Each structure stands twice: as structure tokens, then as C-alpha cells.
Amino acid sequence: MRVVTISATYGTAGSQIGPAVAERLGVPFVDRAIPSAVSEELGCTLEEALAHDDRAEHGIGRLFSGAMRLPTVTFGGVDMYVPGAMPLAPEEYVNRTERVLKETARLQGGVFLGRAGAVVLADHPGALHVRLDAPLTRRVRQTATLGQIGEREARQIIEDNDRARSAYVRHFYRTDPADPCLYHLVIDSTTIPVATCAELIVMAAEARD
């Protein structure tokens with residue numbers, strides 16, 4: 001069962017390339033099903049799981065990138081986390097997300113988008129780890145074109161998402177998601193068509209059999 005992880009910066013068409021690769025390889029595209037599975041395991045609402053998901057619009061990455069803060073009290077001039085102020089610590093959601101990734105990869109394979117998949121599944125036999133990235137200017141143009149918005153708005157969206165997703169990986173895994181050493185294949189998907197990117201990834205995945 002083939003396993004592909006895709007780390008995609010905003011504006012690199014990860015949500016289009018991922019499903020195309022999954023279809024070609026005959027495995028599930030695993031993205032939105034992850035927070036749903038986490039919510040079932042923890043017995044929390046889907047909204048709570050999404051609030052701790054790195055792919056969600058208001059996910060946990062925003063907390064660590066400075067857009068949100070954990071509930072704290074000040075004691076002796078020091079801010080302290082208050083465990084009872086939220087149902088579960090963020091680490092618990094992340095641990096369950098890791099468990100869902102590993103079990104899904106083991107039982108059925110799949111194409112996994114985001115959530116530090118290259119780190120979590122680094123030791124999975126035969127897994128292919130892919131990074132989709134490009135210079136900011138090209139990602140801005142692509143986002144503006146596809147979303148039919150202005151480039152200033154597109155730049156703000158990209159910078160917010162980059163900061164949040166990077167913060168998630170740096171905080172929980174102490175690594176830089178842009179580090180090319182994490183991946184077998186790095187593609188600039190703003191200059192290479194989506195279909196070609198998908199084909200390259202499929203070929204690389206099949207070559208690892």
C-alpha cells in the first residue's frame with residue numbers, strides 16, 4: 001500500500017495535486033477525514049478537533065504563530081498555562097493526529113496532506129515525502145488568479161498560512177518544514193502544471209516499490 005506525504009505551502013495547489021496523485025495510485029486522499037477521526041477518538045466535537053488542526057483556517061498553528069494564545073494566568077510575573085481552561089491540551093490532539101496518520105498509512109496507505117506527515121511517517125517503509133513550494137511572488141500571483149482576488153489580499157493570506165503551518169511544525173516537532181532534507185522530492189508547482197506535478201509524484205512513488 002503506497003504512502004505519500006505532501007507538505008505544501010499556500011498557493012502551490014496541494015489540494016489539487018494531492019487528490020490527483022491519490023487517484024492515480026488507487027489510494028485514499030487523506031485530509032479532511034483526519035480531524036473527523038480525531039474528534040471520534042477523543043469524544044470531542046469536530047469544531048474542537050479543527051481548532052487543533054494545522055490545515056484548518058483557524059487551526060492550532062495560529063496559536064503558536066501569535067494570532068491566538070493558550071488560556072493563562074499570571075503568577076509571580078510569569079504567564080502559566082491553565083490545563084482546566086480547555087478540555088484537552090493541544091499536545092493530546094496532535095498525538096491523536098499522529099496516531100490516525102500512522103494507522104491509516106499502515107492499514108490502507110494514502111496521500112497525506114500537511115500535519116507534518118514527512119516527520120510523523122518518516123520511518124514508514126517505502127513512503128515518499130514531497131514538498132511543494134515556490135517563491136512568494138509566484139505563489140501570490142497564482143493565489144490571486146485562482147481565487148480571483150487582489151495580490152495584496154493574496155499575499156496576506158499566504159503569509160498568515162505560512163506562519164501558522166510553520167509554527168505548528170516548529171513547535172511540536174522542533175524542525176523547519178522547509179528543510180529539504182525531510183523530503184525525497186521538492187517541486188515548484190507554480191511553474192510546472194498540476195497534472196505534470198502529479199505525474200512526477202506518481203512516478204517517484206512507484207519507483208520506491
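# Exercises on a predicted model

Thr5 of strand β1 stands opposite His129 in β6. The model is predicted, and the exercises below start from this strand.

**Exercise 1.** Find which strands β1 is joined to by bridges, and in what direction they run.

Solution.
- Step 1: Take β6 (residues 128-132). Five bridges link this strand to β1, and the two run parallel.
- Step 2: Take β5 (residues 110-113). Here four bridges make the link to β1, again with parallel strands. Within β5, Val111 is the bridge partner of Val4.

**Exercise 2.** Decide whether the faces of β1 are covered or open.

Solution.
- Step 1: On one side are Val3, Thr5 and Ser7, all buried.
- Step 2: On the other side Val4, Ile6 and Ala8 are buried too.
- Step 3: Both faces are therefore covered, since buried means under 20% relative accessible area.

**Exercise 3.** Classify Arg24 as buried, partly exposed or exposed, and find its contact with Glu199.

Solution.
- Step 1: Arg24 belongs to helix α1 (residues 14-25).
- Step 2: Its relative accessible area is 49%, so Arg24 is partly exposed.
- Step 3: Glu199 is 175 residues away in sequence, yet the C-alpha atoms are 8.5 Å apart.
- Step 4: The side chains of Arg24 and Glu199 make a polar contact at 2.5 Å.

**Exercise 4.** Describe how helices α7 and α8 pack.

Solution.
- Step 1: The angle between α7 (residues 136-147) and α8 (residues 151-173) is about 115°, and the axes lie 8 Å apart.
- Step 2: The crossing is right-handed.
- Step 3: Residues in the contact include Leu136 and Val140 from α7, and Ala154 and Ile158 from α8.
- Step 4: By type, the contact residues are five nonpolar, two polar and six charged.

Conventions. Residues are numbered from 1 along each chain as its sequence is written. This is a predicted model: local features need pLDDT of at least 70, side-chain atom pairs count only at pLDDT 80 or more; totals for chains, interfaces and linings use all residues. Side-chain values use heavy atoms; hydrogens and water are left out. Axes are lines fitted to C-alpha atoms, for helices over the stretch in contact, and angles run from 0 to 180 degrees between N-to-C directions. A crossing is left-handed if the near helix is turned anticlockwise from the far one by less than a right angle, and right-handed if clockwise. Contact means heavy atoms within 4.5 Å. Ala, Val, Leu, Ile, Met, Phe, Trp, Tyr, Cys and Pro count as nonpolar, Asp, Glu, Lys and Arg as charged, and the others, Gly among them, as polar. Buried means under 20% relative accessible area, exposed over 50%, partly exposed in between (1.4 Å probe, protein chains only). A polar contact is a pair of N or O atoms within 3.5 Å; within protein, one must be able to donate a hydrogen and the other to accept it, and residues adjacent in sequence count only if both atoms are side-chain atoms. Two strands pair if DSSP finds at least two bridges between them.
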